[in-house]
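The following questions and answers go through one structure. Each answer ends on the value or name asked for.

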Amino acid sequence: MSNEIRSSTTTLAEMIAWLDQFAKERDWEKFHTPKNLSMSIAIEAAEIMELMQWTQGSEPIENTSNDSPIAEEIADVLAYLLRLASVLGIDPAQALALKIRKNAIKYPASVQPQE
Ligand SMILES: [Mg+2]
């Protein structure tokens, strides 16, 4: 399995494989319980909020490059989220598709008036 970073063409399955391998190589699987991973997701999400703490909220985020502080925290959340899905045997793409389908029923798009 290659860890080649191909950016937007990288699949979720490839990212999960990277993360699983990373954890296995370091013998971290024993620490990656659903409880610990769920807590880690929330902690890393709070780190995204921390970057905007004390701002007015309307000003633009100055650095949004892929190696910016906010991108690093987004990567942290994504990594723990994908590890949790992997540990639980959940396919995140299928879970998202099912959730979007449920939300489409719950929140139907309004019919746009014809001109
Ligand atoms: Mg972090």
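Q: Which residue with a positive phi follows α1?
A: In this predicted model, helix α1 gives way to the loop between α1 and α2, and this loop holds a residue that is not a glycine but has a positive phi. Most residues other than glycine have a negative phi. The phi that follows α1 is near 60°, and the residue is Asp 27.

Q: Is Asp 27 buried or exposed?
A: A residue counts as exposed if 12 or fewer other C-beta atoms lie within 10 Å of its own. Asp 27 has 8 such atoms within 10 Å, so the residue is exposed.

Q: What is the phi of the residue just after α2, Trp 54?
A: Trp 54 sits in the loop between α2 and α3. With 6 other C-beta atoms within 10 Å, Trp 54 is exposed. Its phi is positive although the residue is other than glycine, with a value near 75°.

Q: How many residues does α1 have, and what does it reach from its first C-alpha to its last?
A: At 1.5 Å a residue, a span of 20 Å is expected for α1. The model comes close to that: α1 has 14 residues and reaches 20 Å.

Q: What does α2 reach from its first C-alpha to its last?
A: Helix α2 covers residues 34-52, which is 19 residues. The expected value at 1.5 Å a residue is 27 Å, and α2 is close to it, reaching 28 Å.

Q: How are α1 and α3 oriented to each other?
A: Two packed helices are described by the angle between their axes and the distance between the axes. For α1 (residues 12-25) and α3 (residues 69-88), the axes come within 9 Å and cross at roughly 85°. Angles of 65 to 115 degrees count as roughly perpendicular. The crossing therefore makes α1 and α3 roughly perpendicular.

Q: Which residues of α3 make the contact with α1?
A: On the α1 side, the contact is made by Leu 12, Met 15, Ile 16, Leu 19, Asp 20 and Ala 23. By class, the contact of α1 with α3 has 7 nonpolar, 1 polar and 2 charged residues. The residues from α3 are Ala 79, Leu 82, Arg 83 and Ser 86.

Q: How far apart in space are Lys 24 and Gln 94?
A: Lys 24 lies in helix α1, and it counts as exposed because it has 11 C-beta neighbours inside 10 Å. In sequence, Lys 24 and Gln 94 are 70 residues apart. From C-alpha to C-alpha, the distance is 25 Å.

Q: How far apart in space are Ala 46 and Glu 73?
A: Ala 46 is found in helix α2, where it is exposed, with 12 other C-beta atoms within 10 Å. Ala 46 and Glu 73 are 27 residues apart in sequence. Their C-alpha atoms are separated by 9.1 Å.

Q: How many helices and strands are there in the chain?
A: The elements run α-α-α-α from the N terminus on. The chain thus holds 4 helices and 0 strands.

Q: What radius of gyration does the chain have?
A: The C-alpha atoms fill a box of roughly 60 × 35 × 30 Å along the principal axes. For a compact globule of 115 residues, the radius of gyration would be near 13 Å. The chain instead has 18 Å.

Q: What percentage of the residues of the chain count as buried?
A: To count as buried, a residue needs 20 or more other C-beta atoms within 10 Å of its own. Among the 115 residues of the chain, the buried share is 5%.

Notes:
Residues numbered from 1 in each chain as written. Predicted model: local features only at pLDDT ≥ 70, side-chain atom pairs only at ≥ 80, totals over all residues. Axes fitted to C-alpha atoms, helices over the stretch in contact; angles between N-to-C directions. Helix = DSSP H or I, 4+ residues; strand = E, 2+ residues; numbered from the N terminus. Parallel < 35°, antiparallel > 145°, perpendicular 65-115°, else oblique. Contact = placed C-beta atoms within 7 Å. Nonpolar A, V, L, I, M, F, W, Y, C, P; charged D, E, K, R; others polar. Expected span 1.5 Å × (residues − 1). Rg over C-alpha atoms; globule rule 2.2 N^0.38 Å.
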